[in-house]
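Let's take a friendly walk through one part of a protein model. Have a look at the sequence and the 3D view before reading on.

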Amino acid sequence: FQDGSKALSCPLTHCRGVVEGDPLAPADCRLVSDKLNQHHPQDMAKRTPTIDVDALPMAAGRKPFDFHVYFKADSQAEFAADLRTRLLARFDCVGDDGLFQNAGFLHPSPMFVAVISKPEDRGTVNQVIEWLEANRNGLSVLVHPHTTDGFLEDHTTHALWLGTPMKLGVIPTARLVQRYSASLLGVTGAITAFFVWRFW
């Protein structure tokens, strides 16, 4: 185009059209997803999983949704940092909850975390999911709510994965705590009482 912008080939095989829009990033030739969504909104929606927000027993006083975006430190860190910046700029309802460069027991890969902070914005989660699906470029993304069903259910039954699911240490940990919570309750209560008495 005369203005220097590039044409984006539509990824849908039945369409030979192109979309005028922002230049492709030279590093990885990402597709500009917003333009593609405008081009074929019905087909793009079919390709993206969604969460039935109304069916979830959301926990009062908690951030409705977390987005864990995992990346490889040696080859995907630069792209992940750029994705994080674009995500936060794209959605006013999405806040930053940290960049974690080192893998650990609970999360086996570096990641950044974004959140929908306000309960009244929980209905936007599927818009964010659709954008992430179109822009993640192979990164694995865990989307989970905070519900009254508890930590384990939030990270398993209620969770949604974009890309390849990661093996999370939080899952066996939560199951262990759930299994022994009754017997540990007395010990936990005693420890809590001691710290309250000693440091309050």
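## A buried threonine

In this predicted model, T124 counts as buried because its relative accessibility is 18%, and buried means under 20%. You can find T124 in the loop between strand β5 (111-116) and helix α4.

## What surrounds T124

Which residues does T124 touch, if we leave out those up to four places away in sequence? They are C93 and I116. T124 also has a partner in D121: a polar atom of the T124 side chain lies 2.6 Å from the backbone oxygen of D121.

Now compare positions along the chain with positions in space. T124 and V53 are 71 residues apart along the chain, yet 9.4 Å separates their C-alpha atoms.

## Two helices side by side

The loop that holds T124 leads to α4, so let's turn to that helix next. Two packed helices are described by the distance between their axes and the angle between those axes. Here, helix α3 (residues 77-90) and helix α4 (residues 125-135) have axes that come within 12 Å and cross at roughly 150 degrees. Angles over 145 degrees count as roughly antiparallel, and that is why α3 is described as roughly antiparallel to α4. The crossing of α3 past α4 is right-handed.

Which residues make this contact? From α3 come F79, L83, R86, L87 and R90, while α4 supplies V128, W131, L132 and N135. Sorted by class, the contact has six nonpolar residues, two charged and one polar.

Technical notes. Residues numbered from 1 in each chain as written. Predicted model: local features only at pLDDT ≥ 70, side-chain atom pairs only at ≥ 80, totals over all residues. Heavy atoms only, no water. Axes fitted to C-alpha atoms, helices over the stretch in contact; angles between N-to-C directions. Helix = DSSP H or I, 4+ residues; strand = E, 2+ residues; numbered from the N terminus. Parallel < 35°, antiparallel > 145°, perpendicular 65-115°, else oblique. Left-handed = near helix turned anticlockwise from the far one by under 90°. Contact = heavy atoms within 4.5 Å. Nonpolar A, V, L, I, M, F, W, Y, C, P; charged D, E, K, R; others polar. Buried < 20%, exposed > 50% of the residue type's maximum accessible area, 1.4 Å probe, protein only. Polar contact = N/O pair within 3.5 Å; in protein donor to acceptor, adjacent residues only side chain to side chain.
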